[in-house]
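I opened this chain to look up its fold, its cores and a few single residues. My notes follow in the order in which I took them.

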Amino acid sequence: MNKSRLVLLLVLTLLAPQNFSQEVFDVDQLNWQKAFANEAIAMEKRYGVKFDPDWKPLVVFKIPDDIAPQLRGDFVAQYYPETQSFIISPAKKAAVDQLVVKHELVHALVDQISRRIGNGMLPDVSKNSQLEFDMLVGRALVSEGMASYFQYKDDLYYPKDAKGGEGWLPQSFGDFLWRNRDFLYHGGHWLVAPIINKCGEQGIVYLIKHPLRFQNDDVRTAALEYQRVALKKLSRKKCS
């Protein structure tokens, strides 16, 4: 697979800023915004994480202009750190999808934590051109892993094999897993779950501060070592 095309697939969630200015909200927008706000409160109670107290989720229904034509039909939702807001596919407008709410809300949470610790907006797509291929993939893997972790944390019906295993992660450029974007979600879930389980929000801080790097298209070996080192370091900390 051509790496430039692969990067396009991997950074679908890292698109350019969109204009969210709007004064009048319709009923569907209000329903989605209420769902995001309520889930944020629920996450704080369940998991001990903290959203910015003055943040109010804003939702716009559209397909982002910069999504390639062949991918537009697959678009569901997107969190935009530039505006700290969400774009939802018009096809999802009429009925709130709680799994989508949970997943995208985690991207907002991680962005807010990143800003609070002085790491800045996450992701900052203006810096994408400065990042190596493995850094883009590593960032997407950790990001989607965290979102999937919370999205399915309390879902007893989520298939256990989809919750992870290093077998989801490619080991070479010829590995067929590179052709399946699901490795970001399932492999990422496996990577981050024990780290967040161990230290909660402090685990998220660790994941933000320590980018995953790999060589020779071998994500699996690097991820195994990353997880081992993270758990060792966090075991020395007093996690609240």
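I take helices as DSSP runs of H or I with at least four residues, numbered from the N terminus. By that numbering, leucine 141 lies in helix α4. The model is a predicted one.

**Entry 1: overall layout**

I counted the elements first and found six helices and three strands in the chain. I then read their order along the sequence, which is α-α-β-β-β-α-α-α-α. Next I looked up burial: of the 240 residues in the chain, 50% are buried. The accessible surface comes to about 12000 Å², and carbon and sulfur atoms hold 53% of that surface. For contacts with a separation of 6 or more, I noted that 75% join residues 24 or more positions apart.

**Entry 2: α4 against α5**

Two packed helices are described by the angle between their axes and the distance between the axes. I looked up both values for α4 (residues 133-151) and α5 (residues 182-209): the axes come within 6 Å and cross at roughly 75°. Angles of 65 to 115 degrees count as roughly perpendicular, so α4 is roughly perpendicular to α5. I also sorted the residues of this contact, which gave 16 nonpolar, six polar and one charged.

**Entry 3: leucine 141**

I went back to the residue in α4 that I had noted at the start. Is leucine 141 buried or exposed? Its relative accessible area is 0%, and buried means under 20%, so leucine 141 is buried. Beyond four places in sequence, leucine 141 touches Leu169, Phe183, Leu184, Gly187, Gly188, Leu191, Leu212 and Val219. I checked the pair with valine 219 separately: leucine 141 and valine 219 are 78 residues apart in sequence, and their C-alpha atoms are 9.7 Å apart.

**Entry 4: the nonpolar cores**

In soluble globular proteins, nonpolar side chains tend to be buried together. I looked for such groups here and found that the largest nonpolar core has 57 residues. Which of its members touch the most other members? They are Met43, Phe86, Met146, Leu191 and Ile204. I then listed the elements that each supply at least two residues of this core: α2 (27-47), β1 (59-61), β2 (77-80), β3 (85-88), α3 (98-116), α4, α5 and α6 (219-235). The most comes from α5, with 15 residues. Apart from this core lies another, of seven residues, and Ile63, Ile67, Tyr80 and Ile87 are among them.

**Entry 5: isoleucine 204 and isoleucine 113**

I followed up Ile204, one of the residues with the most core partners. Leaving out residues up to four places away in sequence, isoleucine 204 touches Leu109, Val110, Ile113, Met146, Phe150 and Ile196. From that list I picked isoleucine 113, which is found in helix α3. Isoleucine 113 counts as buried because its relative accessibility is 1%. Outside its neighbours within four places, isoleucine 113 is in contact with Glu201, Ile204, Val205 and Ile208. How far apart are the C-alpha atoms of isoleucine 113 and valine 205? They are separated by 7.2 Å, for two residues 92 apart along the chain.

**Entry 6: phenylalanine 75**

I moved to the loop between β1 and β2, where phenylalanine 75 is found. At 10% relative accessibility, phenylalanine 75 counts as buried. Not counting residues up to four places away, phenylalanine 75 touches Lys62, Ile63, Pro64, Ile67, Ile87, Ile88 and Ser89. Of these partners, I had already noted Ile63, Ile67 and Ile87 in the core of seven residues. Phenylalanine 75 and alanine 91 are 16 residues apart along the chain, with 9.4 Å between their C-alpha atoms.

**Entry 7: backbone points**

I looked up the peptide bond from leucine 122 to proline 123, and it is cis, with omega near 0°. Proline 123 is in the loop between α3 and α4.

I noted a positive phi of about 50° at glutamine 84, which is not a glycine. Glutamine 84 sits in the loop between β2 and β3.

Aspartate 217, also a residue other than glycine, has a positive phi near 60°. Its place is in the loop between α5 and α6. I checked its accessibility as well: at 11%, aspartate 217 counts as buried.

Technical notes
Residues numbered from 1 in each chain as written. Predicted model: local features only at pLDDT ≥ 70, side-chain atom pairs only at ≥ 80, totals over all residues. Heavy atoms only, no water. Axes fitted to C-alpha atoms, helices over the stretch in contact; angles between N-to-C directions. Parallel < 35°, antiparallel > 145°, perpendicular 65-115°, else oblique. Nonpolar A, V, L, I, M, F, W, Y, C, P; charged D, E, K, R; others polar. Buried < 20%, exposed > 50% of the residue type's maximum accessible area, 1.4 Å probe, protein only. Contact = heavy atoms within 4.5 Å. Areas by Shrake-Rupley, 256 points an atom, 1.4 Å probe, with all protein chains shown as cover. Core = buried A, V, L, I, M, F, W, Y, C linked by side-chain atoms within 4.5 Å.
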